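Student: Hi! Could you walk me through this structure? I'm new to it.

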Amino acid sequence: MGEGRCSGNSTNVITMLILCMFVFHPKMICAEIFTVGDGQGWSFGVENWPAGKTFKAGDTLVFNYAPALHNVVKVSAADFNACVPKPLSGSTVFTSGADRIVLVKGTNFFLCGIPGHCGAGQKIAVNAI
Ligand SMILES: [Cu+2]
């Protein structure tokens, strides 16, 4: 609990700090920002976009889409599997078209709540370490 994202032995901490200075903003926050679907944005067939990527708790996902066409709902595993667009408690339906959602540790499940879209692959499960 409350363990920093750059925790580890002191060598690792120093390595991470140096890395952060090179890679991240001056604020030196050891968190990354990912654009879901890359250039395609939050769209059909995005389901496999997380494959092969490493996500950490505190990283931010950016969902870019046309708000008239899509939305983003953070859901439970069961609702993810069943394509039920019911926001997790404390969450909401995101509709800005450029939503930024910070990952929590564990698997984070997102789907589009527009009927049929989740079934068409507009859903992602993102595991954050
Ligand atoms: Cu959609």
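Tutor: Happy to; we'll go through the sheets, then the salt bridges, then the cysteines.

Student: What should I know before we start?

Tutor: This is a predicted model, so local features need pLDDT of at least 70 and side-chain atom pairs count only at pLDDT 80 or more, while totals for chains, interfaces and linings use all residues. Residues are numbered from 1 along each chain as its sequence is written, and side-chain values use heavy atoms, with hydrogens and water left out.

Student: Okay, sheets. In what order do the strands 1, 2 and 5 sit?

Tutor: They form an open sheet in the order 1-2-5, with mixed pairing. Strands here are DSSP runs of E with at least two residues, and helices are runs of H or I with at least four, numbered from the N terminus. Two strands pair if DSSP finds at least two bridges between them.

Student: Which strands are at the edges?

Tutor: Strand 1 (33-35) and strand 5 (98-102), each pairing on one side only. Neighbouring strands of this sheet are turned by 25° against each other on average, direction ignored. That angle is between axes, which are lines fitted to C-alpha atoms (for helices over the stretch in contact), on a scale from 0 to 180 degrees between N-to-C directions.

Student: And how many bridges join strand 2 to strand 5?

Tutor: There are 5, and strand 2 (residues 60-64) runs antiparallel to strand 5. In that pairing, T60 stands opposite V102.

Student: What about the sheet with 4 strands?

Tutor: That open sheet has the order 4-3-6-7 and antiparallel pairing. Strand 4 (93-94) and strand 7 (123-128) each have a single partner strand, so one side of each has no neighbour in the sheet. Strand 3 (residues 72-75) is joined to strand 4 by 2 bridges, and V73 stands opposite V93 there.

Student: Changing topic: how many salt bridges are there?

Tutor: The whole structure has 2, where a salt bridge is a side-chain nitrogen of Lys or Arg within 4 Å of a carboxyl oxygen of Asp or Glu. One joins E32 and K56 at 3.4 Å, N to O. E32 is in the loop between helix 1 (10-23) and strand 1, and K56 is in the loop between strand 1 and strand 2, 24 residues apart. K56 also meets D59 in a salt bridge at 3.5 Å, N to O, and E32, K56 and D59 are linked in a network.

Student: Is D59 buried or exposed?

Tutor: Buried, with a relative accessible area of 0%. The cut-offs are under 20% for buried, over 50% for exposed and partly exposed in between, using a 1.4 Å probe and protein chains only. K56 counts as buried at 18%, and E32 as partly exposed at 30%.

Student: What else does D59 touch?

Tutor: Leaving out residues up to four places away in sequence, its contacts (heavy atoms within 4.5 Å) include F34, T54 and I101. A polar atom of the D59 side chain also lies 2.8 Å from the backbone nitrogen of E32.

Student: Last one: which cysteines form a disulfide?

Tutor: C83 and C118, with sulfur atoms 2.1 Å apart; the cut-off for a disulfide is a pair of cysteine sulfur atoms within 2.5 Å. C83 lies in the loop between helix 2 (77-82) and strand 4, and C118 in the loop between strand 6 (106-111) and strand 7, so the pair ties together parts 35 residues apart in sequence. The torsion about their S-S bond is about -75°, so the disulfide is left-handed.

Notes: A polar contact is a pair of N or O atoms within 3.5 Å; within protein, one must be able to donate a hydrogen and the other to accept it, and residues adjacent in sequence count only if both atoms are side-chain atoms.
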